[in-house]
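Work through the exercises below with the sequence and model at hand. Try each task before reading its solution.

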Number of protein chains: 2
Amino acid sequence: MREHTDTRDRIQEIALKLFTEQGYEATSLREIAEELGVTKAALYYHFKTKEDIVASLAEDQQAAMERLIEWAREQPRTREVRHEFLRRYADNLYSGRNHAFLRFMERNQTALRTHPKVEKMRRLVAALMEVFGEEGDTTAQRLRRSMAIFSLHAGLFLLNEEKIDDAERKALALELARELMDAGSGPG
Amino acid sequence: MREHTDTRDRIQEIALKLFTEQGYEATSLREIAEELGVTKAALYYHFKTKEDIVASLAEDQQAAMERLIEWAREQPRTREVRHEFLRRYADNLYSGRNHAFLRFMERNQTALRTHPKVEKMRRLVAALMEVFGEEGDTTAQRLRRSMAIFSLHAGLFLLNEEKIDDAERKALALELARELMDAGSGPG
DNA sequence: GTCTATACGTCGATAGAC
DNA sequence: GTCTATCGACGTATAGAC
């Protein structure tokens with residue numbers, strides 16, 4: 001599909017790290033190149049533009065989220081399915097670069113507001129929040145379902161001072177997400 | 001205390017709007033000046049630097065939050081006090097520029113990470129989340145108290161598609177915040 | 001694939017006239 | 001208080017050698 005060099009992967013890794021730590025606009029291609037040990041021009045061999053680096057990062061995560069939404073739509077509307085849905089999303093989040101990418105998105109919402117792939121990701125997150133929504137739901141229920149997804153995102157960084165490992169963090173965030181999801185759904 | 005011209009106030013208003021909509025770094029002083037109908041140089045008469053505009057916006061909100069934390073520390077640790085605390089914070093948030101400023105902070109976390117007044121504000125938000133913490137609290141409880149504050153911040157923009165007014169939005173966010181705060185506190 | 005060199009724009013900020 | 005004019009630094013991006 002695409003040529004897959006080590007350098008390309010390292011650019012993604014370093015870019016995501018610096019974008020998250022310092023901000024998207026505040027991070028120049030010069031900085032990325034420096035940390036990588038090459039010049040700016042080398043980056044342009046692997047990526048057409050700065051935005052293109054973000055696009056490449058969004059692509060993997062997008063596929064995973066689309067698959068999860070597709071899965072959820074085919075399932076019966078039961079409490080067990082909703083819990084399994086949250087578990088799958090948490091597994092996805094807490095593995096690989098996925099959580100790092102979502103944190104980057106959340107911390108740089110405005111800077112990335114016109115980025116097509118980021119807009120797509122925002123719509124997918126919104127879809128996650130609504131996939132178990134039904135006709136007669138109240139606004140109070142919608143709020144709780146949204147906050148269920150949100151608590152998974154927030155879990156990792158809200159508890160960063162605690163002396164616990166990621167597995168426990170994930171379990172705690174997931175437990176709260178289930179409570180909120182149950183409170184935001186009808187019976188059954 | 002300080003000379004208080006109309007222009008100074010309009011600069012704050014327009015800057016906060018553009019910073020929130022477009023991002024802090026993505027908004028140039030030229031844009032602010034243009035929307036105001038003056039030149040960049042005029043801005044520099046009212047504010048020493050770009051960061052100084054942010055600092056001025058933080059100051060009002062900081063005072064209100066410090067007062068609220070001070071108040072909470074003097075109260076007995078009861079359920080009624082915690083609910084009153086949330087109500088006061090929500091009143092503060094949903095009035096004036098306070099909520100707009102916090103949204104701006106959340107959406108531009110990384111770009112503002114080294115800004116002294118913004119760091120101070122982050123510490124104050126953390127203090128709000130911990131002000132009802134006690135010695136033997138579990139991590140699960142801490143997470144719920146944090147999410148209680150967070151749900152007040154999130155309430156306004158998570159429900160932006162709903163056809164309800166701000167008063168109802170506030171009431172719904174407050175109700176969820178109470179649930180989370182109760183779940184994150186000991187009995188009494 | 002990576003380099004040097006550079007084009008070209010915009011940024012924040014300042015000097016000095018009015 | 002606001003202007004014109006300008007500075008130096010840095011940004012993204014490209015051309016062309018190796």
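Three exercises on this predicted model follow, each with a worked solution.

**Exercise 1. Locate the domains of chain A and describe how they meet.**

Solution.
- Start with the bounds. The assignment places domain 1 of chain A at 1–47 and domain 2 at 54–183.
- Next, take the spacing. Their C-alpha centres are 27 Å apart.
- Then list the contacts. Domain 1 of chain A contributes 12 residues, and these touch 13 residues of domain 2 of chain A.
- Now take the area. The two domains of chain A bury about 1100 Å² between them, and 59% of that lies on carbon and sulfur atoms.
- Finally, find the main contributors. A:Leu16, A:Thr20 and A:Tyr24 provide 52% of what domain 1 of chain A buries against domain 2, more than any other three residues.

**Exercise 2. Which residues form the salt bridge with the closest N and O atoms 2.2 Å apart?**

Solution.
- Count first. The rule finds one salt bridge across the interface of domain 1 and domain 2 of chain A.
- Check the pair. A:Arg97 bridges to A:Glu13, and their closest N and O atoms are 2.2 Å apart, so the 4 Å cut-off is met.
- Add the polar contacts. Four residue pairs are in polar contact between the two domains of chain A.
- Sort the domain 1 side of chain A. Its residues touching domain 2 are four nonpolar, three polar and five charged.

**Exercise 3. Which residues touch the most other members of the largest nonpolar core?**

Solution.
- Search the 125 residues of this core. A:Phe85 and B:Phe85 touch the most other members.
- Look around B:Phe85, skipping neighbours within four places in sequence. Its contacts include B:Leu68, B:Trp71, B:Phe132 and B:Met181.

Notes. Residues are numbered from 1 along each chain as its sequence is written. Chains are lettered from A and ligands numbered from 1 in the order in which they are written. This is a predicted model: local features need pLDDT of at least 70, side-chain atom pairs count only at pLDDT 80 or more; totals for chains, interfaces and linings use all residues. Side-chain values use heavy atoms; hydrogens and water are left out. Domain bounds come from an automatic or database domain assignment. Contact means heavy atoms within 4.5 Å. Buried area is the accessible area (1.4 Å probe) that two parts lose on being put together, summed over both. A salt bridge is a side-chain nitrogen of Lys or Arg within 4 Å of a carboxyl oxygen of Asp or Glu. A polar contact is a pair of N or O atoms within 3.5 Å; within protein, one must be able to donate a hydrogen and the other to accept it, and residues adjacent in sequence count only if both atoms are side-chain atoms. Ala, Val, Leu, Ile, Met, Phe, Trp, Tyr, Cys and Pro count as nonpolar, Asp, Glu, Lys and Arg as charged, and the others, Gly among them, as polar. A nonpolar core is a set of buried Ala, Val, Leu, Ile, Met, Phe, Trp, Tyr and Cys residues joined through side-chain atoms within 4.5 Å. Buried means under 20% relative accessible area, exposed over 50%, partly exposed in between (1.4 Å probe, protein chains only).
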